[in-house]
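Work through the exercises below with the sequence and the structure side by side. Try each task before reading its solution.

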Amino acid sequence: MMPSTAAILDRLLAAPFVRHAEWHDTIASTNDRGNELARSAEIVTPLLILAGRQTAGRGRGGNQWWSDEGALTFSIVFDPERDVPGCGGHPLSQEQWPKVALAAGVALCDVLQARLPQVPCRLKWPNDVLLAGKKVAGILVEVPPPGNSVPRRLVLGMGVNVNNSLSAAPAEIQAIGAALCDVAGERCDGADLLIDWLGDFAERLRALSAGDDDLVERWQLLCALRGKTIELQSGNRIVRGSCRGIDAAGALLVDTDSGLERLFAGVLVRVAE
Ligand code: BTN
């Protein structure tokens, strides 16, 4: 028997990091909902917003995020200054915020790798997670504008292909995307995955606020582009070169003909071996 939504929410409320949770069978976008709630002084954070289906899911750069039933789609609204567990007086400063997506990606790699130790799981800078070389998840972190008497908040949205098998998807989708159930060869419990991710993410946020080197080492190790020749669109420039990984500030390092470039934003247009 499938557990009820109420039973799943109860488990999630007992999970690390979460203090409030809401479920939507169908919603336009959990990030839109997160941005709306982030404006209210009344909400309890960290707040988890989960959806069975999104009708207008959003990805980075204004892209659409489309996912079938069985995907894990959620957003978490949190106060980077107060909600980081065990931060011992080191709240996440504003310059750390761009690294939150990397911390979330590292945490997802950790939990996927624990389930599938033989299958490589990597971070594709800045916000994708790859399983066996194909995109299994995307992350979208947004910073709602500051409001009067409302704490600063971040909205972190994640879409993970868990039980939305891509086996019947068009070949062009199968060539670039992966679903956990297809790679594992069986259905996976999305709530278990989310609970594990929440625990790992909370620990990674704590490490970020404390400036722990092991988090930086981990994202450097997991960088799927390291050692590859890449081409990125950065503003109105194309940057070409050999990727040297992701540095402590979260920048992608690219060794170009004119020297080492550190990129904080960009769209990958080509990857060669
Ligand atoms: C990307 O790959 O560009 C990021 C995709 C992020 C998708 C998730 S699904 C849950 C949350 N709600 C949204 O509208 N987007 C994020």
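**Exercise 1. Cysteines**

Find how many disulfides this predicted model holds, and explain the result for C243.

Solution. Step 1: apply the cut-off, which asks for two cysteine sulfur atoms within 2.5 Å. The count comes to 0 disulfides.

Step 2: check C188. The nearest cysteine sulfur belongs to C181 and is 6.5 Å away, and C188 is in no disulfide.

Step 3: check C243. Its closest cysteine sulfur is that of C223, at 4.4 Å, so the two are too far apart for a bond.

Step 4: look at the surroundings of these cysteines. Buried means under 20% relative accessible area. C188 has 16% and is therefore buried. C243, at 1%, is buried as well.

**Exercise 2. Domains**

State where the domains of the chain lie and describe the interface between them.

Solution. Step 1: read the domain assignment, which gives domain 1 (5-221) and domain 2 (229-272). Taken over C-alpha atoms, their centres are 25 Å apart.

Step 2: list the contacts. On the side of domain 1 there are 8 residues, and they are in contact with 15 residues of domain 2.

Step 3: turn to area. The size of an interface is often given as the accessible area lost when the parts come together. Between domain 1 and domain 2 about 890 Å² is buried, and carbon and sulfur atoms give 63% of this area. Of the area that domain 1 buries against domain 2, W125, W219 and Q220 supply 63%, more than any other three residues.

Step 4: search for salt bridges across the interface of domain 1 and domain 2. The rule finds 0.

**Exercise 3. Nonpolar core**

Describe the largest nonpolar core and the contacts of L252.

Solution. Step 1: recall the general tendency. In soluble globular proteins, nonpolar side chains tend to be buried together.

Step 2: describe the core. The largest nonpolar core has 67 residues, and those touching the most other members are V129, L156, W197, F201 and L252. Helix α3 (residues 100-115) gives the most to this core, namely 11 residues. Domain 1 and domain 2 each contribute at least three residues to this core.

Step 3: take L252 as an example. Leaving aside neighbours within four places in sequence, its contacts include W125, L225, C243 and L263.

**Exercise 4. Salt bridges**

Take three salt bridges, D192 with R11, D196 with R115 and R270 with E231, and say which parts of the chain they link.

Solution. Step 1: note the total. The whole structure has 18 salt bridges.

Step 2: take D192 and R11, with closest N and O atoms 2.4 Å apart. D192 lies in helix α6 (residues 190-210) and R11 in helix α1 (residues 5-13), so this pair ties together parts 181 residues apart in sequence. D192 is partly exposed at 32% relative accessibility, and R11 is partly exposed at 35%.

Step 3: take D196 and R115, with a closest N and O separation of 2.9 Å. D196 is in helix α6 and R115 in helix α3, 81 residues apart.

Step 4: take R270 and E231, where the closest N and O atoms are 3.3 Å apart. R270 is in strand β12 (residues 267-272) and E231 in strand β8 (residues 229-234), so the pair ties together parts 39 residues apart in sequence. R270 is partly exposed, at 44%, whereas E231 is buried, at 14%.

Step 5: look for shared partners. D110, D200, R204 and R218 are joined into one network by salt bridges that share partners.

Definitions and conventions:
Residues numbered from 1 in each chain as written. Predicted model: local features only at pLDDT ≥ 70, side-chain atom pairs only at ≥ 80, totals over all residues. Heavy atoms only, no water. Core = buried A, V, L, I, M, F, W, Y, C linked by side-chain atoms within 4.5 Å. Buried < 20%, exposed > 50% of the residue type's maximum accessible area, 1.4 Å probe, protein only. Helix = DSSP H or I, 4+ residues; strand = E, 2+ residues; numbered from the N terminus. Domains from an automatic or database assignment. Contact = heavy atoms within 4.5 Å. Buried area = accessible area lost by both parts, 1.4 Å probe. Salt bridge = Lys/Arg side-chain N within 4 Å of Asp/Glu carboxyl O.
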